[in-house]
2 protein chains.
Amino acid sequence: MVDQITLPATREAELNQALELFHFAFRAFTAKPDQLLETRGLQRVHHRILYFVGRNPDIRVNALLTILGVTKQALHAPLRQLIAMNLVNDTPDANDKRGKCLNLTADGRNLESALSGAQRKKMQLVFEKIGEEGETAWRNVMAQLIEPSKEE
Amino acid sequence: MVDQITLPATREAELNQALELFHFAFRAFTAKPDQLLETRGLQRVHHRILYFVGRNPDIRVNALLTILGVTKQALHAPLRQLIAMNLVNDTPDANDKRGKCLNLTADGRNLESALSGAQRKKMQLVFEKIGEEGETAWRNVMAQLIEPSKEE
DNA sequence: GTAATTTGGTCAACCATATTGACTTTTATC
DNA sequence: GATAAAAGTCAATATGGTTGACCAAATTAC
């Protein structure tokens, strides 16, 4: 039954191990920010918003929706909450008054820094241990996982 | 303001890039199975159940709960669905009739193979391109992300 | 200048995923 | 026989998302 297409059982087991590493690494990676968010009554979705608003000053709502991959209705409630909590700022776009520019407030920057900071710190620690070549390899694998394969 | 603790802005930007790679790689990685699941009227939670039952023949409900990190009430509905669809089998444990042994049926194995197979194939492709050293580095990084740091 | 389009906001209905709490049944164990 | 363990189930609740419909304001096209 073993041919060129079927992977050897041991290789399949190795790949399964890789799947599990991915699964549990992601879970562990989001655990710390989740914990911090909870003390503020916020959820992971708020972190995602804070992160991408932080990285993209003056981002418009529509652009944010595209990055997050959700509908405006899904964004609506948590974004309003962040604005009400004075963590995010929405100022009308000077050029196109229909649009709003989203930015982090000082408080928002502080919270975002605490949330993502925990993740950056962890990544930095691991990258230090693994070395520059290893870091590059990790980045390459992740980047290739994002790109669709030819056959897809 | 820059001292030993504050990361240089460029390093922080690199780490942010790593965070985004992780985020989008995970999203891309689950997209294909999700699509396949949808055609069967199933969700990601069903994939997780099928995967871990597949890797752990005769697993008990309690052990599955621990691995998945959810409550029995959360597992209840999707597991019953999988049993009703004849994808998972629950036979009483011969030694302890209170416990049930969960296993994939032939159909369950087929579906699980299709779901995780897509992910294994993708991983295998990327690992082939990156080479053995790169694969090892990737695994090391992921494994270290799972382990809690000393300060935590 | 008016019509059409774009950007964004909001309401409602709905579904999926999870939680906590309470309770039952069956079977082991002491 | 009492207690504990494994599993099943019901209810209430929260969260995160969807689709659909509709509205208001500003811009663009004609």
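How far is a side-chain N or O atom of K100(A) from a phosphate oxygen of DNA strand C? The distance is 2.8 Å.

## Basis of the model

This is a predicted model, in which local features need pLDDT of at least 70 and side-chain atom pairs count only at pLDDT 80 or more, while totals for chains, interfaces and linings use all residues. Residues are numbered from 1 along each chain as its sequence is written, chains are lettered from A and ligands numbered from 1 in the order in which they are written, and side-chain values use heavy atoms, with hydrogens and water left out.

## DNA strand C

Around DNA strand C there are 22 residues (a residue is near a strand if one of its heavy atoms lies within 4 Å of it). Those that come nearest are K72(A), H76(A), Q43(B), T71(B) and Q73(B). Of the strand's atoms within 4 Å of the protein, 62% belong to sugar and phosphate.

Phosphate oxygens of this strand also lie 3.5 Å from a side-chain N or O atom of R80(A) and 3.4 Å from a backbone N or O atom of V61(A).

## DNA strand D

DNA strand D likewise has 22 residues around it, with Q43(A), R48(A), T71(A), K72(B) and H76(B) coming nearest. Sugar or phosphate makes up 68% of its atoms within 4 Å of the protein, and bases make up the rest.

A base oxygen of DNA strand D lies 2.4 Å from a side-chain N or O atom of K72(B). Phosphate oxygens are 3.0 Å from a polar backbone atom of N62(B) and 3.3 Å from a side-chain N or O atom of R80(B).

Key:
A polar contact is a pair of N or O atoms within 3.5 Å; within protein, one must be able to donate a hydrogen and the other to accept it, and residues adjacent in sequence count only if both atoms are side-chain atoms.
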